[in-house]
Amino acid sequence: MPKDQAAPSSDEIIAQMDVLRSDIAELSKSVSHLAKDRAGKARDAARETARDQAQTVADGAAQMSRQAEDAVRAQPLAATAIAAGLGFALGYLSNRR
């Protein structure tokens with residue numbers, strides 16, 4: 001500290017400390033709000049991604065179902081034979097226990 005500058009009084013130090021406490025409190029609030037905002041955005045993005053993936057899976061399942069229906073309509077005898085064979089195989093396996 002230069003010789004021509006007087007040392008701050010205790011009241012000035014207390015006032016500066018109060019200003020510093022206030023600034024720290026405001027900074028803490030700002031950081032908290034920022035963290036909550038980013039967490040909310042991340043949560044929303046994750047929900048949107050999950051929703052998109054669920055829709056993709058549902059679309060794929062619907063397409064496979066349509067393909068199976070088309071195959072049954074195109075070859076009903078083969079579809080019936082396959083279903084009967086699977087039924088006998090599952091029945092046989094379940095009775096072996």
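A residue counts as partly exposed when its relative accessible area lies between the buried class, under 20%, and the exposed class, over 50%. With that in hand, welcome to a predicted model, shown here in a set of views.

**Figure 1. The whole chain, with two helices and zero strands.** Let's start with the overall picture. The C-alpha atoms fill a box of roughly 105 × 35 × 20 Å along the principal axes. The radius of gyration of the chain is 36 Å, whereas a compact globule of 97 residues would have one near 13 Å. Buried residues make up 1% of the 97 residues. About 8,800 Å² of the chain is exposed, and carbon and sulfur atoms supply 61% of that area.

**Figure 2. Charges along the chain.** The chain carries 13 positive and 13 negative charges, and their mean positions are 13 Å apart. Side chains of opposite charge can pair when their charged atoms come close. Six salt bridges turn up in a search of the whole structure, and the next views visit some of them.

**Figure 3. Asp 18 and Arg 21 form a salt bridge.** Their closest N and O atoms are 2.9 Å apart. Look for both residues in helix H1, which spans residues 10-74. Asp 18 and Arg 21 are three residues apart there, about one turn of the helix. Asp 18 is partly exposed, with a relative accessible area of 41%.

**Figure 4. Glu 26 meets Lys 29 in a salt bridge.** Here the N to O distance is 3.9 Å. Both residues belong to helix H1, and three residues, about one turn of the helix, take you from one to the other. How exposed is Lys 29? Its relative accessibility is 48%, so Lys 29 counts as partly exposed, because exposed means over 50%. Glu 26 is also partly exposed, at a relative accessible area of 44%.

**Figure 5. Glu 69, Asp 70 and Arg 73 are linked in a network of salt bridges.** Within this group, Arg 73 pairs with Glu 69, and the closest N and O atoms of that salt bridge are 4.0 Å apart. Both Arg 73 and Glu 69 lie in helix H1, four residues apart, again about one turn of the helix. Is Arg 73 buried or exposed? With 63% relative accessibility, Arg 73 counts as exposed. Its partner Glu 69, at 39%, counts as partly exposed.

Technical notes: Residues are numbered from 1 along each chain as its sequence is written. This is a predicted model: local features need pLDDT of at least 70, side-chain atom pairs count only at pLDDT 80 or more; totals for chains, interfaces and linings use all residues. Side-chain values use heavy atoms; hydrogens and water are left out. The radius of gyration is taken over C-alpha atoms; the globule rule is 2.2 Å times the number of residues to the power 0.38. Buried means under 20% relative accessible area, exposed over 50%, partly exposed in between (1.4 Å probe, protein chains only). Accessible areas come from the Shrake-Rupley method with a 1.4 Å probe; for residues, only the protein chains shown count as cover. Lys and Arg count as positive and Asp and Glu as negative; His and the chain ends are not counted. The place of a charge is taken as NZ of Lys, CZ of Arg, CG of Asp or CD of Glu. A salt bridge is a side-chain nitrogen of Lys or Arg within 4 Å of a carboxyl oxygen of Asp or Glu.
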